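Please find below my notes on the structure you asked me to look over. They are set out as numbered points, and each may be read alongside the sequence and the coordinates.

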Amino acid sequence: MNRVVQHISKQIGKNSRRAFCSGPPRRAIAETLTDSVLVDKQQMFAPSEIVANAAAQAKSQVIETDQLKKLEHVTDLMEEFGKIENVRIGNPTDVKEKLKKMALGGEHKLLVISDFDFTLSRFQNEKGERLSTTHGVFDDNVMRLNPALGQKFVDLREKYYPIEFSPNLTVEEKIPHMEKWWGSSHQLIVNEKFSKSTIEDFVRQSRIVFKDGAEELIQSLDAHSVPLVIFSAGIGNIIEIFLQQKLGAIPRNTHFISNMILFDENEQARAFSEPLIHTFCKNSSVIQKETSFFHEISGRTNVILLGDSMGDIHMDVGVEKNGPTLKIGFYNGDLSDQKALDHYVEVYDIVLVHDPTMNIAQKVIDMINMKHVLL
Ligand SMILES: Nc1nc2c(ncn2[C@@H]2O[C@H](COP(=O)(O)O)[C@@H](O)[C@H]2O)c(=O)[nH]1
Ligand SMILES: [Mg+2]
């Protein structure tokens, strides 16, 4: 007999006594359901009500057990993270409190907002060679087909990438440069009128590589019906094509906020969606509120935010919620740049240094989704 049934039968026994015992005047105390007793009529409970009360109490006891076990897991997880060399947590107390709230909230309260380039995708391969961003798909492939045009894409990246990550410029100083970079590369794509099928081939031959465990993380979120918002200043069509090629289909739970190539009736690139999303405007200012999935994510008060750049830390701004946001940041920068690393530890709750996997994020999500007893 499982623990829930055991508990209910114990409760019935207790309740039958309590049901006949609570409230004045008491003339007799029933020992079992079958005893006939003289009690004030309004105190009498029908057996079905006793069972219902017992079942409700049993369930609340079981839920309480489940919650207590989850909180134990939070402590275990924090101890485990504390032993992992490339995991940096600036404020363990704060992170532990967030994890406790998220664990108690469970999968029904959870929303995951993730950047794509160098967050779900890898920054470099095992040899330390830089891998591709979604925009970079054009840098690589166009160079092969039309070197003169390909060089224009590469020149833009060589010029603007250092500005994006410069520690010596403010965000305000960087924004005009980012708008110029995105605008110029999008114009090159539209001028060439690349077809959808050409772009699909580009993705197939690209150097975009999922982080280890990224596919499993996306699929586990779908299996638990936890919404995943991929919020990217890259090219959303490239991400969709990449997911389609890797996963066979785009999971129902996955939504995109990104720059989208708009194709004409001949499936040729004609324009890009507005407003432009660059690294430093990844917040609610670029989200059309009527976006359908806002209904799906309403009520999801606890957010896990996954990013790799400083521009990713406000992706949860604008999501109506009153629960915690746990920010997990992938640091891909120079290991000797202590100032940059310290800055990441300041703005992200958990920093993963040169981590090519989704292991830590998966452990957090598994702990939140965990159920100890069948409820
Ligand atoms: N190779 C290129 N990379 C580019 C270009 N424009 C932007 N970017 C990079 O994309 C990411 C933004 O994507 P996200 O998913 O991380 O938000 C950004 O960090 C830029 O470095 C380009 O024209 N070529
Ligand atoms: Mg990124």
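1. A residue is called buried here if its relative accessible area is under 20%, exposed if that area is over 50%, and partly exposed in between. Please keep in mind throughout that this is a predicted model, and that the values below are computed from it.

2. The sheet is the natural place to begin. Seven strands make up an open sheet with mixed pairing, and their order across it is β1-β9-β8-β7-β2-β3-β4. The edges are formed by β1 (87-89) and β4 (254-259), each of which pairs on one side only. From one strand to the next the twist averages 15°.

3. How many of the residues of β7 are buried? Six of the six are, so β7 is largely enclosed by the rest of the structure. In a regular strand the side chains alternate between the two faces of the sheet. In β7, Asn302, Ile304 and Leu306 point one way while Val303, Leu305 and Gly307 point the other way, and all of them are buried.

4. The neighbour β2 gives a similar account of itself, in that five of its five residues are buried and the strand is mostly covered. Leu110, Val112 and Ser114 lie on one side of β2, with Leu111 and Ile113 on the other, and both faces are covered.

5. The pairing around these two strands can be followed residue by residue. β2 and β7 run parallel and are joined by five bridges; within this pair, Leu111 stands opposite Val303 of β7, and Val112 stands opposite Ile304 of β7. On the other flank of β7, its pairing with β8 is parallel and extends over five bridges, with Lys327 in β8 as the bridge partner of Leu305.

6. Continuing from β2 towards the β4 edge, β2 pairs with β3 in the parallel sense over three bridges, and Ile113 has Val229 in β3 as its bridge partner. Strand β3 (residues 228-235) then pairs with β4, again in the parallel sense, over six bridges. Ser258 in β4 is the bridge partner of Ser232, and Ser232 will return below in connection with ligand 1.

7. Which protein residues supply donors to the magnesium ion (ligand 2)? They are Asp115 (OD), Asp117 (O) and Asp308 (OD), and they lie 2.1 to 2.2 Å from the ion. Along the chain these donors follow the spacing D-x1-D-x190-D. Asp117 belongs to the loop between β2 (110-114) and α4 (136-145), and Asp308 to the loop between β7 (302-307) and β8 (325-331), so the pair ties together parts that are 191 residues apart in sequence.

8. Are the donors Asp117 and Asp308 buried or exposed? Asp117 has a relative accessibility of 11% and therefore counts as buried, the cut-off being under 20%. Asp308, with a relative accessible area of 7%, is buried as well, because this value also falls under 20%.

9. Turning to ligand 1, there are 19 residues around it, of which Asp115, Asp139, Glu164, Ser232 and Lys282 come nearest. Asp115 has a polar side-chain atom 2.7 Å from an oxygen atom of ligand 1, and Asp115 is also one of the donors of the magnesium ion. Lys282 likewise places a polar side-chain atom 2.7 Å from an oxygen atom of the ligand, whereas for Ser185 the distance from an N or O atom in the side chain to an oxygen atom of ligand 1 is 3.2 Å. Of the 510 Å² of accessible area that ligand 1 has on its own, the protein covers 97%.

10. Two residues may serve as reference points when inspecting the model. Pro167, in the loop between α5 (147-164) and α6 (171-192), is exposed, with a relative accessible area of 59%; Pro167 and Ser273 are 106 residues apart in sequence and 30 Å apart in space, C-alpha to C-alpha. Leu104, in helix α3 (residues 92-105), counts as partly exposed at 38% relative accessibility. Leu104 and Asn369 are 265 residues apart in sequence, and their C-alpha atoms are 9.7 Å apart in space.

How values were computed:
Residues are numbered from 1 along each chain as its sequence is written. Chains are lettered from A and ligands numbered from 1 in the order in which they are written. This is a predicted model: local features need pLDDT of at least 70, side-chain atom pairs count only at pLDDT 80 or more; totals for chains, interfaces and linings use all residues. Side-chain values use heavy atoms; hydrogens and water are left out. Two strands pair if DSSP finds at least two bridges between them. Helices (H or I, at least four residues) and strands (E, at least two) are DSSP runs, numbered from the N terminus. Axes are lines fitted to C-alpha atoms, for helices over the stretch in contact, and angles run from 0 to 180 degrees between N-to-C directions. Donors are N, O and S atoms within 2.8 Å of the metal (3.2 Å for Na, K and Ca); water is not among the atoms, so sites may look incomplete. Buried means under 20% relative accessible area, exposed over 50%, partly exposed in between (1.4 Å probe, protein chains only). A residue is near a molecule or strand if one of its heavy atoms lies within 4 Å of it. A polar contact is a pair of N or O atoms within 3.5 Å; within protein, one must be able to donate a hydrogen and the other to accept it, and residues adjacent in sequence count only if both atoms are side-chain atoms. Accessible areas come from the Shrake-Rupley method with a 1.4 Å probe; for residues, only the protein chains shown count as cover.
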